[in-house]
Amino acid sequence: MAYELLGTVMEVEREGNVINITCENAPLRLYILGSRLVRVRLAPFGFSVDHSWAVVKEDWPETNFSIEEDEETLEIHTRELKVMVRKKPCRIAFYDRNGRLINSDYEPLGMGWNVNCVKCWKRMPRDEHYYGFGEKALPLDRRRRRMEMWNTDAYGYRTGTDPLYVSVPFFIAIRKGIAYGIFFDNTYRSIFDMGSSSEDYYSFEAEGGELNYYFIYGPSIKDVIDKYTELTGRPFLPPLWALGHQQCRYSYYPAENVLKLAKRYRERDIPCDVIYLDIDYMDSYKIFTWSNVRFPDPRKLTDELGRMGFKLVTIIDPGVKAESGYKPFIEGVKGGYFCRRPNGEIFFGRLWPGTCAFPDFAREDVRDWWASLHEILFREGVSGIWNDMNEPALLGEQRTIERDVIHIEDGKEVAHAKIHNVYALLEAMGTFKAFRKFRKNMRHFILSRSGYAGIQRYAAVWTGDNTSNWEHLWLQIPMLLGMGLSGMPFIGADVGGFIGSPTPELLVRWYQLAAFIPLCRNHTSRGTFDQEPWVYGEYYESIIRRYLKLRYRLLPYLYVLFKEASEKGYPIMRPLLFEYQDDPNTYTIDDEFLIGENLLIAPVLKEGCDKRLVYLPKGTWVDYWTHKVYEGPTYVSIEAPLDKMPIFVKNGSIIPMQPEMNYVGERDPDPLTLDIYLLSGEASFTLYEDDGVTLDYVKGIYYEREFRCRRTEDVIELEASEARGKYVPSRKSLVFKVNLVSSKPKSVLLNNKILKAVSSLGDLKEGWHYDPNRNILHVAVPEKKRGFLVRIKLH
């Protein structure tokens, strides 16, 4: 179908930070929201109420910019950008302050529309790469791909299946080391064609609404992510226990079996913090109920689990069973809370309990009501909520709610076609309200299968119903990396695969990878073999135990990354290009990744392999297991028998680690060890801690301290700043573990006071110990608020 285009610019008018451009065929608006952020809004059928479920920032500071206009062009100059609007015909281009072209409309088309859609075409340079787009079962670089945004229950998906559960119409482009982002904030079904149809242009389009996009100039990827999550909301800071290992299956019941599972974890010395209940805990699969037969005393269950250090998370689907006498259904009908057909009748669809009605989460009063329904769970000691089937998915031939079903948005009727992609986000908003209503000052944990831009404000997200095979072991990496680059840092995949059962080798390799993924949850379907860590015997179990214990030792490091994510939106699990965007070799690497900027993880992804090729970017890298030193950029072949996954530490790293434990809070994390990898020069790390469970950190009750290390040929200095914040850690000591020290020190001083050497590391309380076999120096000092300096004389 042909498209109508903007035509010639007829008139330009400035109103504050808005540039109104009247074109021959439609009005266009440019919003200058910052020196690197511009909103483009085309409404061929008239501008509607300016509303977004994704965008939360409204108080943009005034941006200084100037306008130059002549008969041919309109130029808008900010501190970092030049926006050029060519008038005949209307086309937009973005340049940096040095005049370098960053992005431009595709000259023959630009922006257009017809009765079915709005569309934008962009020039596509031959060497530009594209990342993000939310959840996509594709390699990391999405150039030449066509992707659909329409939340879909994609059971049994594989590489190339599209669409999936989560739609985030945002991407990051990189060319010659320069990054920009585009967020197309349109909730209708949309298509991104990133060179699938042409090598000359890419395009994005939607089946309704406005052509409404935000152009975000980097020039770094970090700048783009920071600005995007400022726009759509910062990720939430989860409770510390949610970073632990989590165990789930469809389904654990009755209550006695749940307790047996928990006891087995503790008896087998395997770390785990969370157990999930799937739909079988309910009475006939009706949400917000408990089965009196399978779970007659939920509070007793959660109390017993709590004494063993476990939190309980329960599943909730959006379908409310249509049944007389069922309180949620009665209340929903009485309040008019359910989605309706155009003729006014309640829309019904089939889910696990049978015929169901579906709440209209676009209404705030419905979200308030939904929040109130969670009381039956929270009063029984449930700690987290798992939102499933919220694409929304239906059973049978009718896969989802029909597109003409009516919602009420801002007091006006709109079709489900507009709400579909945000349905899960709106449900998460209601679930979040439940936590604030019933758990007050406690942090929330919501796990959602579906979402839209902004879901990071409320929920962790996992990659849905994956499969127990080697293809999916690899596929989870580019999927999760893409989600991280889409503003969602708290992400994960079902460990071992949901569909089918893994071999012993596959389960071990999956756990090695999952130990470094933000959300570490084992989950499998009904009818599959068990896949808990111990199912294949002690040899495989011991390897899994080793990696889970390493994860728990690294929780202080992971928690710092989560805090950074809550402030800047940065992913925790990062593609190499995130830290090395000047290195084109990193642009397509999706079989290894970084945790923060310091740890490089290179999992084994092929059956029967006992070695793999690893790319190490620029800099010095240390093999975590052997301490062998490598200089990048380089490719290295690394031995990787089943019990070893290659891990590298970047030179200049300080990694905080805690003692081994089997659940968060099992014991005081004392001492805190600062694992230092520095051959020469300087290293620094800012440690962040709080109580890990409440919202008190927003009141200043936290602990923050900067640690620095300086190393020359003769001296190592370890310096700690004065601790900031009102939180007081319970530990008594800090231990500096200095790696790659080839000789015993001549002396070690704390604030010019001589520290004594001890002969055994087990006796180290205050002083130092040197291990000549491993070339490691440990220095223990008391934990005190004031700053201090440790000086180590090597020669």
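Strand β37 (residues 611–623) and β38 pair in the antiparallel sense over 10 bridges; pairing here requires that DSSP finds at least two bridges between two strands. Helices (H or I, at least four residues) and strands (E, at least two) are DSSP runs, numbered from the N terminus. The model is predicted: local features need pLDDT of at least 70, side-chain atom pairs count only at pLDDT 80 or more, and totals for chains, interfaces and linings use all residues. Residues are numbered from 1 along each chain as its sequence is written, and side-chain values use heavy atoms, with hydrogens and water left out.

**The antiparallel sheet and helix α12**

Within the β37–β38 pair, Trp621 has Tyr630 in β38 as its bridge partner. Both strands belong to an open sheet of 6 strands with antiparallel pairing, in the order β34-β35-β36-β39-β37-β38. At its edges are β34 (573–574) and β38 (629–639), each of which pairs on one side only. Helix α12 packs on this sheet, touching β34, β35 (593–595) and β36 (599–601). Its direction makes about 95° with that of β35; axes are lines fitted to C-alpha atoms, for helices over the stretch in contact, and angles run from 0 to 180 degrees between N-to-C directions.

Helix α12 covers residues 555–568, 14 residues in total. From first C-alpha to last it reaches 20 Å, close to the 20 Å expected at 1.5 Å a residue, where the expected span is 1.5 Å times one less than the number of residues. Because 11 of its 14 residues are buried, α12 is largely enclosed by the rest of the structure. Buried means under 20% relative accessible area, exposed over 50%, and partly exposed in between (1.4 Å probe, protein chains only). The buried residues of α12 include Leu555, Tyr557, Phe562 and Lys563. After the helix comes Gly569, whose phi is positive, near 85°.

**The barrel**

A closed barrel of 8 strands with parallel pairing runs β20-β21-β22-β26-β29-β31-β32-β33. Neighbouring strands of this sheet are turned by 30° against each other on average, direction ignored. In the β20–β21 pair, Gln246 stands opposite Val274 in β21. Helix α9 (residues 470–484) lies across β31 (460–462) and β32 (491–495), running at about 160° to β32.

**Strand pairs**

Further along the chain, Val748 stands opposite Ile792 in β50, and Leu749 has Ile754 in β47 as its bridge partner. The hairpin of β46 and β47 has 2 residues between the strands, and in it Asn751 takes a positive phi near 50°. The table lists the pairs formed by β46 and by β20.

| Strand | Partner | Sense | Bridges |
|---|---|---|---|
| β46 (residues 747–750) | β50 (residues 788–793) | antiparallel | 4 bridges |
| β46 | β47 (residues 753–754) | antiparallel | 2 bridges |
| β20 (residues 245–247) | β21 (residues 274–277) | parallel | 2 bridges |

**Nonpolar cores**

A nonpolar core is a set of buried Ala, Val, Leu, Ile, Met, Phe, Trp, Tyr and Cys residues joined through side-chain atoms within 4.5 Å. The largest has 213 residues, of which Phe183, Leu305, Phe445, Phe516, Ile595 and Val779 touch the most other members. Apart from it lies another core, of 46 residues, among them Phe65, Cys120, Met124 and Met194. Contact means heavy atoms within 4.5 Å. Not counting residues up to four places away in sequence, Phe183 touches residues including Pro169, Phe170, Tyr213, Tyr228, Leu231 and Tyr452.

**Two single residues**

His416 is found in helix α7 (residues 416–419) and counts as buried, at 0% relative accessibility. Leaving out residues up to four places away in sequence, its contacts are Pro392, Thr400, Ile401, Glu402, Arg403, Val405 and His407.

Glu75 has its place in strand β7 (residues 73–77) and also counts as buried, at 15% relative accessibility. With the same sequence exclusion of up to four places, Glu75 touches Ser66, Ile67, Glu68, Lys82, Val83 and Met84. The C-alpha atoms of Glu75 and Ser251 are separated by 61 Å, and the two residues are 176 apart along the chain.

**The whole protein**

The secondary structure comes to 13 helices and 50 strands. The radius of gyration is 27 Å, close to the 28 Å that the globule rule gives for 795 residues, so the protein is as compact as a globular protein of that length. This radius is taken over C-alpha atoms, and the rule is 2.2 Å times the number of residues to the power 0.38. Along its principal axes the C-alpha trace spans about 85 × 70 × 50 Å. Buried residues make up 64% of the 795 residues.
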